[in-house]
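Student: Can we go through the ring contacts in this one? I'd like to see how each label is earned.

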Amino acid sequence: MATTSARTFSIGSTVSFGSRGNPLPQSKPFVARFTSPNSLASFSGLKAATYVNCESESSFFGKESSAALRGSFVPKAQKANQKSQYGLQPVASYKVTILGAAGGIGQPLALLIKMSPLVSALNLYDIANVKGVAADLSHCNTPSQVQDFTGASELGNCLKGVNVVVIPAGVPRKPGMTRDDLFNINANIVKTLVEAVADNCPDAFIHIISNPVNSTVPIAAEVLKQKGVYDPKKLFGVTTLDVVRANTFVAQKKNLKLIDVDVPVVGGHAGITILPLLSKTKPSVNFTNEEVEQLTVRIQNAGTEVVEAKAGAGSATLSMAYAAARFVESSLRALAGDGDVYECSFVQSDLTDLPFFASRIKLGRKGIETLIPSDLSGLSEYEEKALEALKPELKASIEKGIAFVQKQPVTA
């Protein structure tokens, strides 16, 4: 989902655009930025903003190339707009851990997070094969330091002092499997990992990717409650992929510029619980009844589309990694003080009669600042019916996750 309507021009290799950093001594890349209402229009991929960001130390460009770009571009930008602001400002630094970093999602996700100038330390954990992933990533000339941790004995150290924990660990879907089929395996994995998070970094933002998200987020909540450290503002089910897909499919269908498209997706993160609110699409666009139904079904079944296309060789790993990296970046920008960060996420919610619900949220330094209720008002008749239809299935998935932990109390 687009988080702001401004435009970005960026110079460098990062996937982080729009960060408003706090100076930290351990990270000293050069950053030049200007703010202008007449800024250039282009697509950043993750974030649109109103400044130029030139990074000499974390860029794929060499220092000489970066210096030349700064020397040629910034003065022109200043001349074009006398009100522009130009200065040097260190980029903020945060510590991120990926639990399940050697997997199909974990590896590309680790690469994308490694590219962020907001990250000073990237910890990679898995039960096997993570040492090679860390060695490979450590050769990338971006500021974050990469460390590897293998097995339960190293899990605690992997989490010490972490700001954001991302959990893609678990088995992927295979042809013929639903997300619910994954429950018995992934429920235990998530429970064990969240116990470790509770013990070692209870104040961290926790991003749950492991499916079925409709159940694993309630599992995480129950574990944190039993550990006495539950903060509902800091627990997120990553449903960003549903938004990414909705934006992409709508832009293709209506021949729109992708950067302009914003489709909120509410409900849950499986099958019919995924509800794209096409009536709330920005920019405003008209859909026929047939288009609404076709797009909704495609967005809901997009994961199966990938599983079938890979013919049993995998699931949606690359697009999921991209979407998760976007959500991590949004979280880091919020931690750094950006006051304009909005994403959709599956969180504890009072917007419906369900205890957890995916909707747009505003992120801040302490996690969720606000749930955005406006998307659920003025729905189309199709969306109203779909919302009521998804509730029983989502309710059952939530209750299944809660019951799982209550039957298997957490380790003290």
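Tutor: Sure, starting with a charge: Lys-400 lies over the face of Phe-183, at 4.6 Å from the ring centre. This is a predicted model, where local features need pLDDT of at least 70, side-chain atom pairs count only at pLDDT 80 or more, and totals for chains, interfaces and linings use all residues. Residues are numbered from 1 along each chain as its sequence is written, and side-chain values use heavy atoms, with hydrogens and water left out.

Student: What makes Lys-400 count as lying over the face of Phe-183?

Tutor: The rule wants NZ of Lys or CZ of Arg within 6 Å of the ring centre and within 35 degrees of the ring normal. At 4.6 Å, Lys-400 meets the distance part, so the label fits. Another case is Arg-298, whose charged end sits over the ring of Phe-249, 3.7 Å from its centre.

Student: How many aromatic pairs does a search of the whole structure find?

Tutor: The search turns up 4. One of them is Phe-183 with Phe-404, edge-to-face.

Student: Why is the pair of Phe-183 and Phe-404 called edge-to-face?

Tutor: Rings of Phe, Tyr and Trp (its six-membered ring) pair if their centres lie within 6.5 Å; planes under 30 degrees apart are stacked, over 60 edge-to-face, the rest tilted. Here we have 5.6 Å and 85° between the planes, so edge-to-face it is.

Student: How do you know that Phe-183 is buried?

Tutor: Buried means under 20% relative accessible area (exposed is over 50%, partly exposed in between; 1.4 Å probe, protein chains only). Phe-183 has 3%, so it qualifies. Phe-404, at 9%, is buried too.
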